Amino acid sequence: MLAFSEHRRSPPALNQIRPGMGASRSAVRRLEERSEEVGIKMTDLRRILFHGLLEAGPHATALEIWKTLCRIMEQGHVPSQGSIQRNLNLLVERDILRRDVTPDRLWRYSVAPEPRATLAITFVEADTGRKIACNAPEVATLLRRVAAEHGLAVQAAAITVTSSAGQDLKAR
């Protein structure tokens, strides 16, 4: 008998979580939103991973998360441990999760606290030097997403603008 199946397993799906099991939908949705804000594409595997992580509780190891998923999933379509670890690494890299290393070298994962600092975005008129605060959350989201794609984090932004003929602000 082969150790590994010759056929690829079907991907995990949210409807395979047993009724009454899984994490709070609002907690999972908040993690999804945070992930999308930093440019992580949401997949069913990542959504299921969030359920397993939240169900396993804070400071869970990757193995504990996998065992939790085995318990809450029906029909044995649990993500592989390798897929789980790759996604945990990505989520740690983008500050969605926090990884703590214990003295016995275990990696324990928890949801990272949400960033409290608001992003300061300022429009600066090129002609006058006048500063105009930009409080549009969609601009902050866009800047964070673009920065994350390049492995960076935005702390503040100043955008130089000029008045156009139609009285609209236009970015240079």
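## Exercises on a predicted model

α2 and α3 pack with their axes 8 Å apart, at an angle of about 105°. The model is predicted: local features need pLDDT of at least 70, side-chain atom pairs count only at pLDDT 80 or more, and totals for chains, interfaces and linings use all residues. Residues are numbered from 1 along each chain as its sequence is written, and side-chain values use heavy atoms, with hydrogens and water left out.

**Exercise 1. Describe how α2 and α3 are oriented, and list the residues that meet.**

Step 1. Two packed helices are described by the angle between their axes and the distance between the axes. Axes are lines fitted to C-alpha atoms, for helices over the stretch in contact, and angles run from 0 to 180 degrees between N-to-C directions.

Step 2. Classify the angle. Under 35 degrees is roughly parallel, over 145 roughly antiparallel, 65 to 115 roughly perpendicular, and the rest oblique. α2 and α3 are therefore roughly perpendicular to each other.

Step 3. List the contacts (heavy atoms within 4.5 Å). From α2 come I48, L49, H51, G52, L53, E55 and A56; from α3 come E64, I65, T68, L69, R71 and I72.

Step 4. Sort these residues. Seven are nonpolar, three polar and three charged. Here Ala, Val, Leu, Ile, Met, Phe, Trp, Tyr, Cys and Pro count as nonpolar, Asp, Glu, Lys and Arg as charged, and the others, Gly among them, as polar.

**Exercise 2. Place T61 in the fold, then decide: buried or exposed?**

Step 1. Locate T61. The loop between α2 (44-56) and α3 (62-72) holds this residue. Helices (H or I, at least four residues) and strands (E, at least two) are DSSP runs, numbered from the N terminus.

Step 2. Apply the cut-offs: buried is under 20% relative accessible area, exposed over 50%, partly exposed in between (1.4 Å probe, protein chains only). T61 counts as buried because its relative accessibility is 9%.

Step 3. Find the partners of T61. Neighbours within four places in sequence aside, they are L106, W107, R108 and Y109.

**Exercise 3. Find what R46 in helix α2 is in contact with.**

Step 1. Check accessibility. R46 has a relative accessible area of 16%, so R46 is buried.

Step 2. Set aside neighbours within four places in sequence. R46 is then in contact with I40, K41, N87 and L90.

Step 3. Look at the C-alpha atoms. Those of R46 and L88 are 9.1 Å apart, with the two positions 42 residues apart along the chain.

**Exercise 4. Work through the salt bridges of E32, E37 and E125.**

Step 1. Side chains of opposite charge can pair when their charged atoms come close. A salt bridge is a side-chain nitrogen of Lys or Arg within 4 Å of a carboxyl oxygen of Asp or Glu. The whole structure has 12.

Step 2. Take E32. Its partner is R47, with the closest N and O atoms 3.3 Å apart. The pair links distant parts of the chain: E32 is in helix α1 (residues 25-37) and R47 in helix α2, 15 residues apart. E32 is buried at 8%.

Step 3. Take E37. R30 is the partner, at 4.0 Å between the closest N and O atoms. Both are partly exposed: E37 at 30%, R30 at 27%.

Step 4. Take E125. The closest N and O atoms of E125 and R130 are 2.5 Å apart. E125 is buried at 11%, while R130 is partly exposed at 48%.

Step 5. Join bridges that share partners. One network holds R29, R30, E32, E33, E36, E37, D44, R47 and E114.
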